[in-house]
Each structure stands twice: as structure tokens, then as C-alpha cells.
Amino acid sequence: MNKDVLGFINPELEELEQKGLYKHIRTLEGPQGAWVEIDGKKLLNFCSNNYLGFAADERIKKAAKDAIDRYGVGPGAVRTIAGTMTVHKQLEEELASFKGVEACLVVQSGFSANLCAIPSLVGKGDTIISDELNHASIIDGSRLSRADIKVYAHNDMDSLEQVLKSDLQGRKLIISDGVFSMDGDIAPLPDIVELADKYGAMTMVDDAHGEGVVGRSGRGIVDHFDLHGQVDVEIGTFSKALGVMGGCIAGSERIVEYIKQKSRPFTFSSALTVPDTAATLEAVRILAESGQLVEQLWDNARYFQEGVRKLGFDTGKTETPITPVMIGDAKDSLEFSKRLFDAGIFATTIGFPLVAHGAARIRVMISAAHSRKDLDFALETFAKVGRELDLIS
Ligand code: PMP
């Protein structure tokens, strides 16, 4: 037999390239910060979720190094076999207290947290009711669960009620992102909770882009709406505002213990590494002490968003520091991003299939680490490129 069993790979990769869907990844030669270095060139960074500048914060780096000295680097094995380290317990306790929940379970990533929580709570014969723009990890967690998946129109409470009214089988679980990462809009969580109560459904919110950003001192979406104790499960990630890596599942003691006992990524995959855990703990402590960086983030977001709108750009539906600068045509948006890069700004274009056809945009991720001077430079550059491409007058 000399048939090339891998013969499908090259044509498929070529097809991705032709369709403009091939992912070319830039290499950073230093840390994530307000500025980054790529190919020897310094660029203003609008691509990272490092909302508070924690990714290279000196206090957080030190906490990770100190923890390595005390515990080493790796957790040894899965927690149910090798035991758990004090640092994991500390993070779970302090994070729970910060978020105002009874308990937290720390896992390896936000993606993993969704794969832990969803298939634990629902299975074959049950129903998931999911916002159409929910994150891929919610979609994959839902598929893994083998529950029936019903999708409602984005943030549309009539559509959600329509689904809830229909003949649904088994346990019902409504899932929504808290802050949607492509548009920066916020889920109407109080209405979701009300409908869940009315129709007897569990509620779960993925707060990946809300943690460290919304709520008092960045306590997240549940705090933002003052819904403490009313949302059954909160999913968090440490890879965005907290600047590190890891995920958590938060809620009542009862539900967190249940997920701990049932979930496969928790049972069969090793714990978060020591430096990640200790660094996240330090990030939570900094936030618990002061909301100053969160205020700075919002100040920067308001400044940039007002400035870019004054130039004549549309920033879509954003209610958060995620700033989509709407371009429309995918090719224009790609060209915009290239010209920004040449002028010293790292900001990616987002097009189909991440957003609808004709809704391509430059997604600007604002950070507390950006200075006024950085944002002024960005506004000048957006004005220049926008005029060159005839997108603004
Ligand atoms: N949920 C949402 C809503 C996200 O935006 C992301 C990250 N893109 C994740 C989960 C995954 O988080 P992590 O990077 O920690 O795996």
C-alpha cells in the first residue's frame, strides 16, 4: 500500500490560505504590554486581553517566582490522585471571597472550565439553551454533554422565552457569555435570571471578558448587576484581565462540589501549574485591594471610543473596553490592519467566520497599561489610515 493517507492535508491548507482563513501567528520577542516587539519593531498593542497590564506586572511576576521556590513548578498529577497544593486552595478561597460566591474550583483554563461544568450539569435527555454568539468553549462543552442544544437569538429575551416555552426535555440550562468578545456588548443577565426562574431552568454565565473589567473593582458580571446568589454557575478565566492562565467555576458550595466530583477535565487532567496559580492569586489580591486599575481601564476606553467616534468611525454595540472599529468589507479591514501595522500599531482585523459577512472590523482591545500619549498616537493613526482608505472624511 503506498496510498498517502495524509494526502488531504495540503489541499485543505491551501484552500484555507486562498480563502484568507489561514492563521498566521506573529512572534513576540518580549512580554505582553502596552507595546510589544515583533520582528524587531515596537508596536502599540491592541490585540491582547491584558486589560489591566497584569501580564508582566512586577508584583505578579515575583509572586510566581516565590511560589516556584516553595512548591516547584508542576502539580505532579491530577488533584484527585496527587493531592492539592495549599496555593490552589488559597486561590480558590480568595477568589470566592472576591467574587462573592460560596466556592470556586480552579482548573487549567477558561476553555477547560466550560468543558468541566456543562457536561457535569446536563447530559443526554436534558436541554441547553444557548445564546447564538456564545464562545466556542461553551459550544464544545455543550456538544460534549450530548444534551439537546437550542439556540436563541443574540441577547434577545423574546427569543429566549420562545425557546423556554417550547416542549423541552429534562433539566434545562441557560448559558450566556457575560461580555461578548467580538462586539463588547453585555448580556441582559437580570432578564435571563428572571426567565430562568419563571421556566425552572439553571443559569450559567461565562464571565471571561467581565472579570477584572465590570463590577466593583472588576468583580465581574454578577456583581455588575448585583445578582449575587442568583446565577447558578459562573465561569471565569485567568488569561484575560488577571493576566495569567487558568480558569474557574464559581457558585454555591453544593454546585461546585458536584462539578468537582463529576467533571472529566478536573478528574483526568493535572492541576493548573504553580506559577500560574500563585500569579493569579496575587492578581486577585491586587484587585481586592484597589479598583484603581479598573478605573484607569474604563477611563482609557471612554477616551479612545469618544475620539474614534469623533473621527467618524462606528464602534458598534460596545458597552465595555472592547472596541470594534467597524470597517464592513473584509478586504478593507485587512488592508486597514496592515497599514496600522506599518505605522506601528498591532491591531487585528476580525472577519467572517468570527463575525457576519460585511461586519469586518478592527478590534481594539484597550488596556489600563495604555497611556494618553499611546491613545493619541492611535487616534492620529486611525484618522490617517481611515482617510487613505476613504472610510472617513
Ligand atoms: N470563554 C470565553 C467567553 C472566552 O472569550 C475565552 C477566551 N477566548 C475562553 C472562554 C477561554 O479562556 P482560556 O483562554 O482561559 O481558555
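The following exchange between a trainee and a mentor concerns a predicted model and its ligand, core and backbone.

Trainee: Which conventions apply to the values in this model?

Mentor: In this predicted model, local features need pLDDT of at least 70 and side-chain atom pairs count only at pLDDT 80 or more, whereas totals for chains, interfaces and linings use all residues. Residues are numbered from 1 along each chain as its sequence is written, and side-chain values use heavy atoms, with hydrogens and water left out.

Trainee: How many residues surround the ligand?

Mentor: A residue is near a molecule if one of its heavy atoms lies within 4 Å of it. The closest are Gly110, Phe111, Asp206, Thr237 and Lys240. The residues around the ligand number 13.

Trainee: How many charged residues does the shell around the ligand have?

Mentor: Ala, Val, Leu, Ile, Met, Phe, Trp, Tyr, Cys and Pro count as nonpolar, Asp, Glu, Lys and Arg as charged, and the others, Gly among them, as polar. The shell has two nonpolar and eight polar residues. Its charged residues number three.

Trainee: What is the distance from an oxygen atom of the ligand to an N or O atom in the side chain of Thr237?

Mentor: A polar contact is a pair of N or O atoms within 3.5 Å; within protein, one must be able to donate a hydrogen and the other to accept it, and residues adjacent in sequence count only if both atoms are side-chain atoms. Polar backbone atoms take part at Gly110, 2.8 Å from a ligand oxygen, and at Phe111, 3.0 Å from a ligand oxygen. For the side chain of Thr237, the distance is 2.6 Å.

Trainee: What percentage of the ligand's area does the protein bury?

Mentor: Accessible areas come from the Shrake-Rupley method with a 1.4 Å probe; for residues, only the protein chains shown count as cover. Taken alone, the ligand exposes 400 Å². The share of this area buried by the protein is 84%.

Trainee: Which helix gives the most residues to the largest nonpolar core?

Mentor: A nonpolar core is a set of buried Ala, Val, Leu, Ile, Met, Phe, Trp, Tyr and Cys residues joined through side-chain atoms within 4.5 Å, where buried means under 20% relative accessible area, exposed over 50%, and partly exposed in between (1.4 Å probe, protein chains only). Of its 84 residues, Phe46, Phe304 and Phe382 touch the most other members. Helices (H or I, at least four residues) and strands (E, at least two) are DSSP runs, numbered from the N terminus. The leading contributor, with eight residues spanning part of 274-289, is helix α12.

Trainee: Where does Pro353 lie?

Mentor: Most peptide bonds are trans. A cis peptide bond nevertheless joins Phe352 and Pro353, with omega about 10 degrees. Pro353 lies in the loop between β12 (349-350) and β13 (360-365).

Trainee: Is Arg146 buried or exposed?

Mentor: Arg146 is not a glycine, yet its phi is positive, at about 65 degrees. The residue Arg146 is found in the loop between α6 (136-145) and β5 (148-152). With a relative accessible area of 58%, Arg146 is exposed.

Trainee: How far apart in space are Ser48 and Ile366, C-alpha to C-alpha?

Mentor: Ser48 lies in the loop between β2 (41-45) and α2 (58-71), and Ser48 is buried at a relative accessible area of 15%. Ser48 and Ile366 are 318 residues apart in sequence. Their C-alpha separation in space is 8.5 Å.
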